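Me: I should like to go through a structure that is new to me, by question and answer. Please begin with what the model shows.

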Amino acid sequence: FFLAVVSAMVPTGSGWGSILESFGIVTLYSTFIAVLARILRWALTGSAYRVPLQDMKDPSRLITLVQDIKLARSEGDLVLEEELYLELISIFRSTELLRLYSTPL
């Protein structure tokens with residue numbers, strides 16, 4: 001048993017009825033799906049790149065390296081700062097070096 005109601009008049013008013021009347025249910029549904037897809041894409045994109053950073057066992061050597069970079073900058077030794085910074089960048093670019101520097105001694 002099915003009941004179908006067909007009405008030529010849509011009641012006007014405030015709230016959701018006026019929104020549906022002006023935009024339409026298809027537009028609202030499409031917008032909702034697009035926003036939901038964008039949120040899921042943002043949450044899941046790049047997770048493969050974060051795995052090595054999240055799975056570090058002991059990042060204390062890397063923290064020490066960052067502290068040494070800050071110390072070299074505060075002392076005004078810009079050559080040493082640049083060398084340490086380039087070493088830090090090369091460690092983060094290489095997964096093997098990152099794993100080597102994040103293992104406990």
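Reply: The model is a predicted one. One place to begin is helix α5, on the face turned away from its buried side. The exposed residues carried there are L78, V79, E82, L86 and R93.

Me: Which residues of α5 are buried, and on which side of the helix do they lie?
Reply: An α-helix has 3.6 residues a turn, so residues three or four places apart point the same way. The buried residues of α5 cover an arc of only 90° around the axis, which puts them on the same side of the helix. They are E81, L84, L88 and I91.

Me: Against which helices do the buried residues of α5 pack?
Reply: Helix α5 itself runs through residues 78-93. Its buried residues pack against two helices, α4 (60-75) and α6 (95-101).

Me: How far does α5 reach from its first C-alpha to its last?
Reply: The helix has 16 residues, and the expected rise is 1.5 Å a residue. Its reach is close to the expected 22 Å, with a value of 22 Å.

Me: Is S102 buried or exposed?
Reply: S102 is found in the segment after α6. Leaving aside neighbours within four places in sequence, S102 is in contact with M56, K57 and D58. Its relative accessible area is 6%, and a residue under 20% counts as buried, so S102 is buried.

Me: What is the area of the nonpolar surface patch that includes Y29?
Reply: Y29 lies in helix α2 (residues 25-44) and is exposed, with a relative accessible area of 55%. Together with F32, I33, L36, L40 and L44, Y29 makes a nonpolar surface patch of about 640 Å².

Terms used. Residues numbered from 1 in each chain as written. Predicted model: local features only at pLDDT ≥ 70, side-chain atom pairs only at ≥ 80, totals over all residues. Heavy atoms only, no water. Helix = DSSP H or I, 4+ residues; strand = E, 2+ residues; numbered from the N terminus. Expected span 1.5 Å × (residues − 1). Buried < 20%, exposed > 50% of the residue type's maximum accessible area, 1.4 Å probe, protein only. Arc of directions from axis to C-beta. Contact = heavy atoms within 4.5 Å. Patch = residues over 30% accessible without salt bridge, like charges linked within 9 Å, V, L, I, M, F, W, Y side chains within 5 Å. Areas by Shrake-Rupley, 256 points an atom, 1.4 Å probe, with all protein chains shown as cover. Salt bridge = Lys/Arg side-chain N within 4 Å of Asp/Glu carboxyl O.
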